[in-house]
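Trainee: Could we go through some ring and charge contacts together? I would like to follow the reasoning step by step.

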Amino acid sequence: MLFYLLFWPLLTFSSQDKDTSEGSLNVLTKPDQAQAKEAQKNIKDYEQLVNRKYTLNMHKKTFFLPISHIFDPNQNLYSALESQEPASRGSLYNNIEAEFQISFFVPVARQLFHTNWDILAAYTHRSWWQIYNNSWSRPFRETNHAPELFFRNLQKDPLHIMGLTLISFDLGIIHESNGQTQALSRSWDRVFARAHMNTETFSLILSTWFRLPEERNLDDNPNIQVFRGYGEIEASKSFGNWALDGRLPIARKTGIEVSASYPFNDRFRFLMLAFHGYGQSLIEYDIRSTRVGIGFSMDNYINQLKK
């Protein structure tokens, strides 16, 4: 399986004799009682969440940034559209816009054939909205759609790797597109493996993927893996009420996204988000940009488990 190929080095290390040498590396560690108890609680609470009927469960971060400022908007992206309009309209791509993301998953089948495997469907929607650009009728400048279908194995007896608890791993397929046509169209399909690991105050998601090939004359973005890469690292660390998050694609020309949040009430958090590099949106996957935004986010299910 793709997952085991990704983590084969860790499993190889774990097979070494613990007493071979004083300095030997033991990747798989035996949990202490508190760590094991915390892992079982997280698994139990997760199952309670996904077993609720008529509920959309948090997948990736869901947020709204009423102020999202880009320092270097690339005006060439929309020059063909702007050339068809009066010059008085000005630029379609202003420095300040709104940005939001909605992401959720739903169970399709639980405990498939009486095993620890579930089938889940997920959807992530991210938009960049020129809400302050009245001369262009406040358009949604770019929207990225990412539906997923995947198998999830929830670990009943979790592995403990370098102090982290492997809660679950996923195997699935994802389609990502900006829904445009002609020159503005961007899309790609991937099969992926994803592992979820955490401690009481830290979570780590490791992903790797393989792009499904397309016919050369139909490929909207043939070099996208140079910028979006072959995998991704997502990490979250809590410091009391503060939470810091980071996302880094494993790519030759990559971009990094970091955010900090603080509770506003039981469900929402103040959010500050910054990005620098390539690949934040599909339309700009090969254009370097720097962006900062402020707004609100919703707690994801990991945050909810800690309450």
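Mentor: Happily! A charge sits over a ring if NZ of Lys or CZ of Arg is within 6 Å of the ring centre and within 35 degrees of the ring normal. Keep in mind that this is a predicted model.

Trainee: How far is lysine 237 from the ring centre of phenylalanine 239?

Mentor: The cut-off on distance is 6 Å. Lysine 237 lies over the face of phenylalanine 239, and its distance from the ring centre is 5.6 Å.

Trainee: Over which ring does the charged end of arginine 89 sit?

Mentor: Here too the limit is 6 Å from the ring centre. The charged end of arginine 89 is 5.1 Å from the centre of its partner ring, which belongs to tryptophan 136.

Trainee: Are the rings of tryptophan 129 and phenylalanine 140 stacked or edge-to-face?

Mentor: Planes under 30 degrees apart count as stacked, over 60 as edge-to-face. The model has 14 aromatic pairs. In the pair of tryptophan 129 and phenylalanine 140, the centres are 4.8 Å apart and the planes are at 15°, so the pair is stacked.

Trainee: Is arginine 269 buried or exposed?

Mentor: Arginine 269 is found in strand E12. Its side chain reaches the backbone oxygen of asparagine 241 at 2.8 Å, and a polar contact of 2.8 Å joins it to the side chain of serine 261. Buried means under 20% relative accessible area; because arginine 269 has 9% relative accessibility, it counts as buried.

Methods
Residues are numbered from 1 along each chain as its sequence is written. This is a predicted model: local features need pLDDT of at least 70, side-chain atom pairs count only at pLDDT 80 or more; totals for chains, interfaces and linings use all residues. Side-chain values use heavy atoms; hydrogens and water are left out. Rings of Phe, Tyr and Trp (its six-membered ring) pair if their centres lie within 6.5 Å; planes under 30 degrees apart count as stacked, over 60 as edge-to-face and the rest as tilted. Helices (H or I, at least four residues) and strands (E, at least two) are DSSP runs, numbered from the N terminus. Buried means under 20% relative accessible area, exposed over 50%, partly exposed in between (1.4 Å probe, protein chains only). A polar contact is a pair of N or O atoms within 3.5 Å; within protein, one must be able to donate a hydrogen and the other to accept it, and residues adjacent in sequence count only if both atoms are side-chain atoms.
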